[in-house]
Amino acid sequence: MPVPILSRLRHRFAGTLRRHRTALSLLVLAVLGLCLFRATRSNREWMDAWLTHVSMPVKRVVSALVDPLPFSACEAAATLAILASLVLLVRAVVLAVRRVKNRLGTWLLHFVTLILWIYLLVCALWGTQYYGVTFAEQAGMTGGPVAVEDLNAVTAYFAAKVNETAMSVPRTDEGVFAADTRTILDQSAGIYDGITGEYPFLAGPQRNPKPAFYSKLMSAFGFTGYLCPLFGESTLNVDCPAVFLPVTVAHEFAHQRGVAAEQEANFCGIYASVNSDNPIYSYSGWLYGYLHLSNALYEADPDLAAARMEELCPRAIADLAQNNAYWAAWEGPAEEVGDVVYEGFLQSYDQKLGMRSYGACVDLLVEKYLPLAG
């Protein structure tokens with residue numbers, strides 16, 4: 001290649017570096033930050049220090065700032081980011097058609113930099129949570145394997161509690177759970193008060209759960225709620241049947257209090273709900289706990305699971321049937337994609353059970369309630 005051509009290429013490359021030095025610097029910093037996270041995440045002492053002094057304090061400050069908003073700040077930010085990216089992409093395409101150089105490349109550079117920084121912040125503010133001290137360790141629980149007879153006993157105990165509390169909640173003329181979603185969200189204050197004496201590390205500032213504007217989209221992907229890592233804000237699906245909305249709120253509150261693993265957040269959500277003085281939350285917790293226990297029992301002994309199901313009152317059976325019918329209507333490719341994506345997300349943080357970790361809360365429930373069920 002002639003020297004003048006090489007000279008022009010070097011000059012053009014140098015000019016590109018100068019024009020995009022800020023974006024390129026941010027890109028390099030994001031990559032370095034992700035490498036640092038990968039290199040240090042297995043150090044429990046460092047992770048615990050980061051969570052105590054950086055991650056949790058930052059999330060609590062940010063969540064306090066967005067808490068007064070009547071809508072999900074996470075949804076709003078995501079919507080604006082997507083719209084802005086699309087507008088800038090269209091502009092880049094138009095300029096490229098007009099033969100303005102490097103516009104698509106510039107858009108791609110900024111887009112990739114933005115995505116990497118978002119992912120870095122997710123890792124820093126949430127991914128690190130998976131490598132700190134766990135709920136079970138702090139609570140002195142083992143969450144180990146359980147015997148079938150113990151699982152059966154606790155399932156029967158939960159069935160009895162479901163029947164005991166089923167009449168304490170609002171119902172339609174057909175006998176189906178009818179508590180208003182707005183009421184459920186508004187009554188979330190103090191839900192953890194009943195268990196923070198036993199587990200003081202679950203104490204935390206009260207935050208308002210936010211109804212999701214894109215609830216139907218969440219249903220399509222099989223989600224009932226999520227905690228936004230960047231805002232420390234819980235957003236709830238208010239389109240699906242409301243019977244499990246209270247315990248889902250409590251589940252997301254567990255995440256806000258630093259419980260990362262899904263199985264532990266499920267246990268905390270159930271335990272907080274059934275120990276609250278709110279009958280709507282209590283019933284939701286007992287029924288959700290029963291559902292997990294019953295599903296596990298069915299895998300171990302279908303006949304025992306069927307016997308426990310026969311013990312449920314008609315109102316509880318109606319609530320489960322309505323919930324099952326709703327989610328059956330959403331089965332399809334979108335839900336499968338949602339499962340695959342979220343399972344990949346969990347496994348990227350060494351949550352080896354993936355989506356199966358939702359069923360592992362059964363071990364903690366049996367350990368906690370077997371003395372009462374025996």
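How many residues apart in helix 8 are Asp 186 and Arg 182, and by about how many helical turns are they separated? Keep that question in mind as you look through these close-up views of a predicted model.

**View 1. Asp 186 and Arg 182 meet in a salt bridge within helix 8.**
Here the two side chains come together with an N to O distance of 3.1 Å. The two residues are four residues apart in helix 8, which means that about one helical turn separates them. Now look at how open each partner is: Asp 186 is exposed, with a relative accessible area of 52%, while Arg 182 is partly exposed, at 37%. This pair belongs to a set of eight salt bridges in the structure.

**View 2. A salt bridge joins Arg 171 to Asp 319.**
The side chains of Arg 171 and Asp 319 meet at 3.0 Å, N to O. This time the partners come from distant parts of the chain, 148 residues apart. Arg 171 sits in the loop between helix 7 (148-165) and helix 8 (181-186), and Asp 319 belongs to helix 14 (residues 314-329). Is Asp 319 buried or exposed? Asp 319 counts as buried because its relative accessibility is 0%.

**View 3. Glu 198 forms a salt bridge with Lys 368.**
The closest N and O atoms of this pair are 2.7 Å apart. Follow the chain and you will find the two residues in distant parts of it, 170 residues apart. Glu 198 lies in the loop between helix 8 and strand 1 (210-211), and Lys 368 lies in helix 16 (residues 361-373). Glu 198 is partly exposed, with a relative accessible area of 40%.

**View 4. Helix 12 packs with helix 13.**
Two packed helices are described by the angle between their axes and the distance between the axes. For helix 12 (residues 279-300) and helix 13 (residues 302-310), the angle is about 150° and the axes are 6 Å apart. Look for the residues that meet here: helix 12 brings Tyr 290, Ser 294, Leu 297, Tyr 298 and Ala 300, and helix 13 brings Pro 302, Leu 304, Ala 305, Arg 308 and Met 309. By class, this contact has eight nonpolar residues, one polar and one charged.

**View 5. Three strands form an open, mixed sheet.**
Across the sheet, the strand order is 1-3-2. Strand 1 and strand 2 (225-228) stand at the edges with a single partner strand each, so one side of each has no neighbour in the sheet. Strand 1 pairs with strand 3 (residues 233-236) in the parallel sense, over two bridges. To find your bearings, spot Lys 210 opposite Thr 235 in strand 3. Helix 10 (residues 245-256) packs on the sheet and touches strand 2 and strand 3, its direction making about 160° with that of strand 3.

**View 6. The largest nonpolar core has 59 residues.**
In soluble globular proteins, nonpolar side chains tend to be buried together. In this core, the residues with the most contacts inside it are Phe 158, Phe 177, Tyr 192, Phe 267, Tyr 283 and Tyr 369. Several helices each supply at least two residues, including helix 6 (135-139), helix 11 (262-274) and helix 16. Which helix gives the most to this core? Helix 12 does, with 10 residues. Zoom in on Phe 267 and its contacts beyond four places away in sequence: Phe 135, Met 141, Cys 361, Leu 364, Leu 365 and Lys 368. A second, separate core of 10 residues includes Met 47, Leu 120, Trp 126 and Ala 260.

Notes: Residues are numbered from 1 along each chain as its sequence is written. This is a predicted model: local features need pLDDT of at least 70, side-chain atom pairs count only at pLDDT 80 or more; totals for chains, interfaces and linings use all residues. Side-chain values use heavy atoms; hydrogens and water are left out. A salt bridge is a side-chain nitrogen of Lys or Arg within 4 Å of a carboxyl oxygen of Asp or Glu. Buried means under 20% relative accessible area, exposed over 50%, partly exposed in between (1.4 Å probe, protein chains only). Axes are lines fitted to C-alpha atoms, for helices over the stretch in contact, and angles run from 0 to 180 degrees between N-to-C directions. Contact means heavy atoms within 4.5 Å. Ala, Val, Leu, Ile, Met, Phe, Trp, Tyr, Cys and Pro count as nonpolar, Asp, Glu, Lys and Arg as charged, and the others, Gly among them, as polar. Two strands pair if DSSP finds at least two bridges between them. A nonpolar core is a set of buried Ala, Val, Leu, Ile, Met, Phe, Trp, Tyr and Cys residues joined through side-chain atoms within 4.5 Å.
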